[in-house]
Amino acid sequence: MLRNNTDSKNQVLQDIPRGIVFGFNELEKSSSTQAMIKMLNRKVATGELVKLSKGRFYKPEKTIFGQLQAPINEVVKDFLYKNGSCIGYLTGLSIYNQFGLSSQVSSVIQIGRNSLRPALQRLQYKIHFVQQKNAITQQNIPLLQYLDCIRFIKKIPDSTVSKAVSRLLSLLDDFSDEQKESMASLVLQYPPSTRALFGAMLEYRQQYLLAESLFDTLNPITTYQFIDVDKILPNTNKWNIV
């Protein structure tokens, strides 16, 4: 049975690690919701807690350099998971640095989701949503992130398309044959330009059957502009990449 006294609620807060975002659901239920809200607001006022958004808080980590903010995945985890299921994933500007595609760290968080919603502000972050037409699972998130990098390759800061392709080719080698096959299926829900560039990369890495399956989905008279990619891929003419 959950306890209702103040000591109980304080103990629950003490047990929550610093930097972990929590809401009322993570706390012991109280007979007085108003009492819990007042307690949390008092701790926000004293600096013991930071209010991230309505009903969501975290305990900040304090260092000699100042107060650390919650990790990005904690800041937006209510957009990534619902009832224990994956509903979104970090993508775009949020992962270019992680993928070694850019040295810049952005204050914009991009989240891939099946359903879009308006952009919003949390702390210093501007949060944007990118539509993902494939089902999102924990297993395919790295694959979707990779394909998103190809989809938005022209928008990667501090890089060029040819540099990004070179890096992505290197990353492609780290995926298993099964994962490459899954990506060839997932990319069918992406724009033709993404399918063309990914197909050319697969062919260059001698994944001929997968490449041909994508080639057959493309309009033979449509061209796709990716500047200087011919310096990296010798097969751009076949894929109508100019």
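**Exercise 1. Place Gln207 in this predicted model: find its contacts, its location and its burial.**

Solution. Start with contacts. Leaving aside residues up to four places away in sequence, Gln207 touches Asp177, Lys180 and Leu202. Next, locate the residue. Gln207 sits in the loop between H8 and helix H9 (208–215). Now judge burial. The cut-off for buried is under 20% relative accessible area. Gln207 has 19% relative accessibility, so it counts as buried.

**Exercise 2. Decide how far helix H5 (residues 141–151) is enclosed, and find what covers its buried residues.**

Solution. Count first. Of the eleven residues of H5, nine are buried, so the helix is largely enclosed by the rest of the structure. Then name them. The buried residues are Ile141, Leu143, Leu144, Gln145, Tyr146, Leu147, Asp148, Cys149 and Ile150. Finally, look at the cover. It includes two strands, E7 (85–86) and E8 (88–91). It also includes helices H6 (161–172), H7 (177–186) and H8 (192–204).

**Exercise 3. Work out the burial of strand E9 (residues 108–113) and its pairing with E8 and E11.**

Solution. Take burial first. Five of the six residues of E9 are buried, so this strand is largely enclosed by the rest of the structure. Turn to E8. E8 and E9 pair in the antiparallel sense over four bridges. As an example, Thr91 has Gln110 in E9 as its bridge partner. Then take strand E11 (residues 125–131). E9 and E11 pair in the parallel sense, over six bridges. Here Val108 has Lys126 in E11 as its bridge partner.

Definitions and conventions: Residues are numbered from 1 along each chain as its sequence is written. This is a predicted model: local features need pLDDT of at least 70, side-chain atom pairs count only at pLDDT 80 or more; totals for chains, interfaces and linings use all residues. Side-chain values use heavy atoms; hydrogens and water are left out. Buried means under 20% relative accessible area, exposed over 50%, partly exposed in between (1.4 Å probe, protein chains only). Contact means heavy atoms within 4.5 Å. Two strands pair if DSSP finds at least two bridges between them.
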